[in-house]
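Here's a quick briefing to read with the model open in your viewer. It goes topic by topic, so feel free to jump around.

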Amino acid sequence: MYKVNVGKKILSANEEYALKNSQLLAEQKKLCLNMISSPGSGKTTILTRTISELKDEIKIGVIEGDIQTDLDAARIRATKAPVIQINTDGACHLSAAQISGALENLPVSDLDLIFIENVGNLVCPSAFELGENGKIVVLSVAEGDDKPAKYPVIFAKSKALLINKIDLLEVIGQVDFDIERVKADARKLNKGIEIFPISAKTGEGMTDWYDWLKKEVKKIRM
Ligand SMILES: Nc1nc2c(ncn2[C@@H]2O[C@H](COP(=O)(O)OP(=O)(O)OP(=O)(O)O)[C@@H](O)[C@H]2O)c(=O)[nH]1
Ligand SMILES: [Mg+2]
């Protein structure tokens, strides 16, 4: 009986903070995107390239979530973008309370877009709303084309899917990673999901992702 009550309390506290975060973002007309994937799919690489290539058009800030270290924050800091590192110390996802604290320490009024890089994990982060405007799921081709079917929740909830590391398709082979299967499975779960095949390493496909980001920033400002 105890277990059920504690679980409910944690969820409702998270929802309260998520509401507070979403109100702050709405008042200031800022776009906030929560990036979720397995460890190593390329989230930080996508962010550093996006920040550098959009620096004259969109002011981006980042909230980094990791179990330990500030290695990812250091990579973001090297681009000169403002960044807050959160260490969850074992927890497999960020909480809305942590995001609330980070938003207090970011220069939100100077920014157009705030990315949250969630803890590398395809499951837990999808269950915790942070008050963001949308989730972005990243899947790299090295992880296999069965992931939307096996981990459906995050694909069903995301606004966009970035299929990263397409430069490795040549090595992996079309048979081992059927990109059309990934697109079809993701769209079965989520009719409106935007899908961008990209390589954060070579830059292939990044322009379409940037055009979509610019449109989303504009929509929030209206
Ligand atoms: N070949 C190739 N490698 C990539 C690409 N994007 C990222 N990588 C490499 O993949 C590795 C992991 O990249 P990260 O950006 O650290 O991945 P992450 O998702 O932020 O990892 P965590 O924060 O630990 O979950 C690094 O060695 C990157 O250089 C890509 O498009 N192609
Ligand atoms: Mg990272």
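In which loop does Lys29 lie? Look between helix H1 (2–28) and strand E1 (31–37), and you'll find Lys29 there. Keep in mind that this is a predicted model. Below, we start with the backbone at that spot, then move on to the metal site, a neighbouring arginine and the salt bridges.

**Positive phi values**
- Lys29 isn't a glycine, yet its phi is positive, near 55°.
- With 43% relative accessibility, Lys29 falls in the partly exposed class.
- Lys80 is another non-glycine residue with a positive phi, about 80° in this case.
- You'll find Lys80 in the loop between H3 and strand E3 (83–87).
- Lys80 is exposed, at 75% relative accessible area.

**The magnesium site**
- Three residues supply the protein donors of the magnesium ion (ligand 2): Thr44 through OG1, Asp72 through OD and Glu117 through OE, lying 2.1 Å from the ion.
- Along the sequence, the donor residues follow the spacing T-x27-D-x44-E.
- Thr44 belongs to helix H2 (residues 43–53) and Glu117 to strand E4 (residues 113–117), so this pair ties together parts that are 73 residues apart in sequence.
- Are Thr44 and Glu117 buried or exposed? Both are buried.

**Arg75 and its threonines**
- Arg75 sits in helix H3 (residues 71–77), and at 40% relative accessibility it is partly exposed.
- Leaving out residues up to four places away in sequence, Arg75 touches Thr44, Thr45 and Thr48.
- One of these, Thr48, is 27 residues from Arg75 in sequence, while their C-alpha atoms are 7.2 Å apart in space.
- Another of them, Thr44, is also one of the magnesium donors listed above.

**Salt bridges**
- How many salt bridges does a search of the whole structure find? The count comes to 17.
- As a general point, oppositely charged side chains can pair when their charged atoms come close.
- Glu53 and Arg49 form one such bridge, at 3.4 Å from N to O.
- Glu53 and Arg49 are 4 residues apart in helix H2, which means that about one helical turn separates them.
- Both partners count as partly exposed: Glu53 has 40% relative accessibility, and Arg49 has 23%.
- Glu216 and Lys159 also join their side chains in a salt bridge, with 3.5 Å from N to O.
- Glu216 is in helix H9 (residues 206–221), while Lys159 is in the loop between helix H6 (152–157) and strand E6 (160–164), so the pair ties together parts that are 57 residues apart in sequence.
- Glu216 is buried, with just 6% relative accessible area, whereas Lys159 is partly exposed at 33% relative accessibility.
- Lys188 and Asp185 make a salt bridge too, at 3.4 Å from N to O.
- Here the partners are 3 residues apart in helix H8 (residues 179–189), so about one helical turn lies between Lys188 and Asp185.
- Lys188 is exposed, at 71% relative accessible area, but its partner Asp185 is buried, at 13%.
- Elsewhere, Glu129, Glu132, Lys135 and Lys157 are joined into one network by salt bridges that share partners.

Methods
Residues numbered from 1 in each chain as written. Chains lettered and ligands numbered in written order. Predicted model: local features only at pLDDT ≥ 70, side-chain atom pairs only at ≥ 80, totals over all residues. Heavy atoms only, no water. Donors = N, O, S within 2.8 Å, 3.2 Å for Na, K, Ca; no water. Helix = DSSP H or I, 4+ residues; strand = E, 2+ residues; numbered from the N terminus. Buried < 20%, exposed > 50% of the residue type's maximum accessible area, 1.4 Å probe, protein only. Salt bridge = Lys/Arg side-chain N within 4 Å of Asp/Glu carboxyl O. Contact = heavy atoms within 4.5 Å.
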